[in-house]
Amino acid sequence: MGEIAETRSKETGNHVKRVAHYSKILALKYGLDEEEAEMLKLASPMHDIGKVGIPDNILNKPERLTDDEFEIMKTHASLGYKMLKHSNKKILQAAAIVSKEHHEKYNGNGYPMGLKEEDIHIYARITAIADVFDALGSDRVYKKKWDDKDIFQFLKEERGEHFDPKLIDIFFENLDEILVFRDAHQD
């Protein structure tokens, strides 16, 4: 299901595979057990499933979105949650949480609910780092990929702002393992 959302927005299946793998690494290093980390690995690729409900002219716009378009784009988080929340399967419940909360920011300035710190589910805090890291390092219809140096600087600057500081520390402590997987699974 995660790959379906990515193909609508002209992304590759490798993006969701990389996000899944990074999420599992971070989950294990954070202290989640193997079963829970594996569930997050399976759920995190569905973080953008709500994009199936975003009009193509907004989803695939090759330049900056207008404020009104961005408000529509932001609804993908809630749309994904609504699509998944009624399932009684644990993996889809986890995916619903990730979909809804992966754009929340540690400082409370994210969306859709303005949650902050540990009020944001750990699954979403982990997926947010994995997703942003991979998205910045990938070409998109609206931007060119960033250099690693710039990505790492951004992640460090957003420690405690956008991202959970403990998870950012874990990310950098395990960067070699993350980069090995990324480099082996390029688009």
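**Exercise 1.** Where is Glu 117 found? Then describe its backbone and its exposure.

*Solution.*
- Step 1. This is a predicted model. Glu 117 lies in the loop between H6 and H7.
- Step 2. Look at phi. Glu 117 is not a glycine, yet its phi is positive, about 45 degrees.
- Step 3. Set this against the general rule. Most residues other than glycine have a negative phi.
- Step 4. Check exposure. Glu 117 has a relative accessible area of 35%, so it counts as partly exposed.

**Exercise 2.** Find the cis peptide bond that involves Pro 112, and place Pro 112 in the fold.

*Solution.*
- Step 1. Inspect omega between Tyr 111 and Pro 112. The value is about 10 degrees, and the bond is cis.
- Step 2. Recall the general case. Most peptide bonds are trans.
- Step 3. Locate the proline. Pro 112 sits in the loop between H6 and helix H7 (122-136).
- Step 4. Look for a link to H6. Tyr 111 and Pro 112 both touch Lys 100, and Lys 100 belongs to helix H6 (residues 90-101).

**Exercise 3.** Characterise the surroundings of Lys 100. Is Lys 100 buried or exposed?

*Solution.*
- Step 1. Lys 100 is buried.
- Step 2. Search for a charge partner. The nearest side chain of opposite charge is Glu 101, 5.8 Å away. A salt bridge needs a distance within 4 Å. Lys 100 has no salt bridge.
- Step 3. List the contacts, not counting residues up to four places away in sequence. They are Ala 77, Tyr 81, Tyr 111, Pro 112 and Met 113.

**Exercise 4.** Describe how H3 packs against H6.

*Solution.*
- Step 1. Take the geometry. Helix H3 (residues 34-43) and H6 pack at about 65 degrees, and their axes are 9 Å apart.
- Step 2. Assign the hand. The crossing is right-handed.
- Step 3. Name the residues. From H3 come Glu 35, Met 39, Leu 40, Leu 42 and Ala 43; they meet Lys 90, Ile 91, Ala 94, Ala 95 and Val 98 of H6.
- Step 4. Sort them by type. The contact of H3 with H6 holds 8 nonpolar and 2 charged residues, and no polar ones.

**Exercise 5.** Which residues are in contact with Lys 105, leaving aside neighbours within four places in sequence?

*Solution.*
- Step 1. Place Lys 105. It is in the loop between H6 and H7.
- Step 2. Check exposure. A relative accessible area of 28% makes Lys 105 partly exposed.
- Step 3. Collect the contacts. With those neighbours left aside, they are Gly 110, Leu 115, Lys 116, Ile 120, Glu 161 and His 162.
- Step 4. Pick out Glu 161. Lys 105 and Glu 161 are 56 residues apart along the chain, but their C-alpha atoms are separated by 6.7 Å.

Technical notes
Residues are numbered from 1 along each chain as its sequence is written. This is a predicted model: local features need pLDDT of at least 70, side-chain atom pairs count only at pLDDT 80 or more; totals for chains, interfaces and linings use all residues. Side-chain values use heavy atoms; hydrogens and water are left out. Helices (H or I, at least four residues) and strands (E, at least two) are DSSP runs, numbered from the N terminus. Buried means under 20% relative accessible area, exposed over 50%, partly exposed in between (1.4 Å probe, protein chains only). Lys and Arg count as positive and Asp and Glu as negative; His and the chain ends are not counted. Contact means heavy atoms within 4.5 Å. Axes are lines fitted to C-alpha atoms, for helices over the stretch in contact, and angles run from 0 to 180 degrees between N-to-C directions. A crossing is left-handed if the near helix is turned anticlockwise from the far one by less than a right angle, and right-handed if clockwise. Ala, Val, Leu, Ile, Met, Phe, Trp, Tyr, Cys and Pro count as nonpolar, Asp, Glu, Lys and Arg as charged, and the others, Gly among them, as polar.
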